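Here are a few notes to go with your first look at this one. Keep the viewer open and click along as you read.

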Amino acid sequence: MIITENIKNLVTFYLLKYLMSGTSINRFVGVARLAEFLAKGPETIKAVRRIRELLMQEDHPTRILFDRIFERLPREGRIRLFQTLYQSAWVVGGKRRDIWEEECLKAGFKFRPPFILVLSPTTRCNLNCEGCYAGGYAKERNELDFDAVDRILRECKRLGIYAAIILGGEPLLYPHLFPLIEKHSDMLFKIYSNGTLIDQDAANKLADLGNVIVLLSLEGGEKETDERRGEGTYRKVVQASEHLRKAGIISGTSVTVNTHNAEVVSSEEFMDNLINMGSMIHMYFLYMPVGGEPDSSLMPTPEQRDRLRRLVIETRKTKPIFVIDFWGDGPMIEGCIAGGRRYFHINAKGEVEPCIFCHIAVDNIKNTTLFRALNSKLFRGIRRRQPFNKNHLRPCPIIDNPWIMREVIEENSDKVIFTHLGAEDTFSGPFTKELDGVAGKFATVAERAWQNEYQT
């Protein structure tokens, strides 16, 4: 069995070297067929086949996006991307997650390890953005040391988690970032950066590692970005994008949508500008009233959220960029994925949180194992309630179904802590009525869209 697996891995490697050496349609389809051969499980096989079908359509945005990726990455970079994102995270990790799920069922409980870890190893940041979801943490200086993060990543791999998102603070201020990524070369790391510290030297170092994707944070165009992040920030982000392009790294962008920038970032013009900048992946997040001193006036209106959702749907049909709306894509993933269903968050103090926006915890990774933390009463209670709404356009237990998180917190009141000063303001006191009102207004718009577009 071991010999057969080793032969299969060797054949796969040499096939990859051949397929990744060109950019013809036959090479693209060959990579997709290899992925299909390695795939396990009907869901993955179906997804890979669909990608192969799209690649065979010469003018389809998926095909053009693959062209962009292959042109950006050197051959070794293409191989590393396939090995970490697909072979490790999907195939090898998928097998391990299957085994854990089967063993837990035999033991009498349901648990499947999530796909991805979200880690904020430091609170250090060189910017001070209004309404930042991590602003409450930044009031305290916390940082995980090398050994703590190394242990987290090793435990992740034992559970079948081979993908990690690195947040902050600003990840490039974390002193152990490069050594940890190098040590865990069989994992894929997606770094969210404000871009201001990425010069050509930093970009080249990231390229040498090979198992990294970088997403740069914006607020819209130059006006919107500089207003929230500081004068000159937009230009630095554009320069960082160019440095990453020259280094041969897949890069993308992310935006936090609020009432002030929603119209700008929900436009076709903005999406075209991102593509011209070199973005291959774009993530939309909504402003969340967390981090202390919550402000509902910054939350996108129901109409703004709906417009964003429609833009994302249209973009996927027409433009060569992989775009995700973290809330509007609820129907694709059956609602919320937090609480260890598909992902979870560990902050710079080591506290294990259900979500990057849900600043509560009952465990600190310094005092327990990852398996135990993911199976705490808090996390099990969240997963038991998912999906939180039959309408998957209303996926969130904080802003769409806010009574859910209040119920979960009450259920765990003997152990739950709020992970920074002011975190409790979102879930208690006068703001709760405000949040319930926001959720009620969005429900009207979301129910109409759900019935007209997803139930016919």
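The points below go through some aromatic pairs, a charge over a ring, and a few neighbouring strands.

1. Before anything else, keep in mind that this is a predicted model. A search of the whole structure turns up 13 aromatic pairs, and two of them are picked out here.

2. Start with tryptophan 90 and phenylalanine 115. Their ring centres are 4.8 Å apart and their planes meet at 40 degrees, so this pair is tilted; edge-to-face would need an angle over 60 degrees, and stacked one under 30. The two residues come from distant parts of the chain, 25 residues apart. Tryptophan 90 belongs to helix H5 (residues 75–106), while phenylalanine 115 is in the loop between H5 and strand S1 (116–119).

3. How buried or exposed are these two partners? Tryptophan 90 has 41% relative accessibility and is partly exposed, because that value falls between the cut-offs of 20% and 50%. Phenylalanine 115, at 19%, counts as buried, since the limit is under 20%.

4. Next, have a look at tyrosine 192 and phenylalanine 285. Here the centres are 6.1 Å apart and the planes are at 65 degrees, so the pair is edge-to-face. This one also links distant parts of the chain: 93 residues separate tyrosine 192, in strand S3 (residues 188–193), from phenylalanine 285, in strand S6 (residues 281–286). Tyrosine 192 is buried at 9% relative accessibility, and phenylalanine 285 is buried too, at 11%.

5. That pair has company. Tyr192 and Phe285 belong to one aromatic cluster together with Phe326, Trp327, Tyr343 and Phe357. It's worth showing those six side chains together.

6. One ring has a charged partner: arginine 305 lies over the face of phenylalanine 442, and the distance to the ring centre is 3.6 Å.

7. Now for the strands. What joins S5 to S4 and to S6? Strand S4 (residues 212–218) and S5 run parallel, with five bridges between them; leucine 218 stands opposite valine 255 of S5. S5 and S6 are parallel as well, again joined by five bridges, and threonine 253 has histidine 282 in S6 as its bridge partner.

8. Finally, S5 itself (residues 251–257) is mostly covered, with six of its seven residues buried. Its neighbour S6 brings us back to point 4, as phenylalanine 285 sits in that strand.

Definitions and conventions
Residues are numbered from 1 along each chain as its sequence is written. This is a predicted model: local features need pLDDT of at least 70, side-chain atom pairs count only at pLDDT 80 or more; totals for chains, interfaces and linings use all residues. Side-chain values use heavy atoms; hydrogens and water are left out. Rings of Phe, Tyr and Trp (its six-membered ring) pair if their centres lie within 6.5 Å; planes under 30 degrees apart count as stacked, over 60 as edge-to-face and the rest as tilted. Helices (H or I, at least four residues) and strands (E, at least two) are DSSP runs, numbered from the N terminus. Buried means under 20% relative accessible area, exposed over 50%, partly exposed in between (1.4 Å probe, protein chains only). A charge sits over a ring if NZ of Lys or CZ of Arg is within 6 Å of the ring centre and within 35 degrees of the ring normal. Two strands pair if DSSP finds at least two bridges between them.
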